[in-house]
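Here's a quick briefing to get you started. Take a look at the chain first, then work through the notes below.

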Amino acid sequence: MHDPRRRVERAVASALRGTQAKLRVTVVIHNTEQGPIAHRLGSLLEDHRVRLLQHSDGVPSPAGPFNAGLEAATAQFTSVMGSDDELSPGAIDAWVGLADRLSASAVLARVRLAQGAYVSTPVARPCRGPLRDPVLDRLSYRSAPLGLVSRREFAELRFTEGVSVGEDVAYVSRVWFSGERLAYARRTPPYLVHADAAERSSLSSRPVADELAFVPRLLDAKWFAELEERSRQSVIVKLMRVNLFGAVWNRRTCLKWSASDRDHLGAVGRRLVQDGGGIEQVFSHRDRQLLDAILDASVPDSRLCELSRLRRKFWHPSALLTRDLSGMLHREAPLRFAAASTLQRL
């Protein structure tokens, strides 16, 4: 909690409300004074299940306070939550029940935007049992560890410090590809993402070098290099679609990019292609056009942004058909991905 304007009292109250499971809510006060936040919480601080924890590191990243909370945790499971978000009534008890029933080491929460729409990630196969294959269930598209994570199996796992965004990607990837039993709480009360905060750090404008700094750190990690190729590819294709292409989409209104931004964008793009083992073959025509432009610094900035806008017309034939026909039926190919995403909404 770094901004006293955020409605942390809503988040805390939602975790406590009607929850039967034994829990503690730790509010980590990050690089700010305790008084205004304690005032917001008011009578909630009288609940023995609520505690305040001060963490000052001078770094504008959620990794530090998240890690401070994990260090202080003593429960069987941990769960992180944004200070401006909310849990639906019964969510925690449902997650704990699912973990017990399936002997799961982690539970992925169902996520819904507070305005009403469900978030379609992960684009997992429909089933009521544990998630048995993180590649086939496309777990890489769930970057936030919302839900439960067992301290027994993941006691030493921490968020990546020293990066502005993407601090959670390595964390969740190690959980998803750990080989431990995982469960998706697709039929339980959802985690609610609110959009009424003054700002959310993941959407703030920043240099491309900062926005994508976590990518090479992930690719260079020893544990990542030791994953089997299909697992590495499933992470890399997500990094390309969501983070690399997203860096362009976040700047789609820019008339002129800095040379540094274009250089860093191209460098990360080349590294992902190099390590991806040809995974770009599953991309649509429009995805490949955007990737080509990212890799070619001579493409005008305006054209780069135009291609970014075009690729988001997801039902256009050029956004559904792959340039390389051998990739048409791949699980990450647009047609299969779109069909699976549609099933998530049913």
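This is a predicted model, and the mean pLDDT of the chain comes out at 93. In all, 96% of the residues reach 70 or more. The pLDDT drops below 50 over residues 200-204, a stretch that still has eleven contacts in the model beyond near neighbours in sequence.

**Helix α2**

- Helix α2 spans residues 34-41, and its buried residues are Ile37, Ala38 and Leu41.
- Those three sit on the same side of α2, because the arc they cover around the axis is only 100°.
- Some background helps here: an α-helix has 3.6 residues a turn, so residues three or four places apart point the same way.
- What do the buried residues of α2 pack against? Their partners are α1 (8-16) plus two strands, β1 (25-30) and β2 (50-55).
- Right after α2 comes Gly42, which takes a positive phi of about 55°.

**Asn67 in helix α3**

- Now jump along to helix α3, residues 63-72, where you'll find Asn67.
- Is Asn67 buried or exposed? Its relative accessible area is 5%, and under 20% counts as buried, so Asn67 is buried.
- Which residues is Asn67 in contact with, once you leave aside its neighbours within four places in sequence? They are Arg158, Phe159 and Glu161.
- With Phe159 there's a specific atom to look for: the side chain of Asn67 reaches the backbone nitrogen of Phe159 at 2.8 Å.

Note on methods. Residues numbered from 1 in each chain as written. Predicted model: local features only at pLDDT ≥ 70, side-chain atom pairs only at ≥ 80, totals over all residues. Heavy atoms only, no water. pLDDT = per-residue confidence, 0-100. Contact = heavy atoms within 4.5 Å. Buried < 20%, exposed > 50% of the residue type's maximum accessible area, 1.4 Å probe, protein only. Helix = DSSP H or I, 4+ residues; strand = E, 2+ residues; numbered from the N terminus. Arc of directions from axis to C-beta. Polar contact = N/O pair within 3.5 Å; in protein donor to acceptor, adjacent residues only side chain to side chain.
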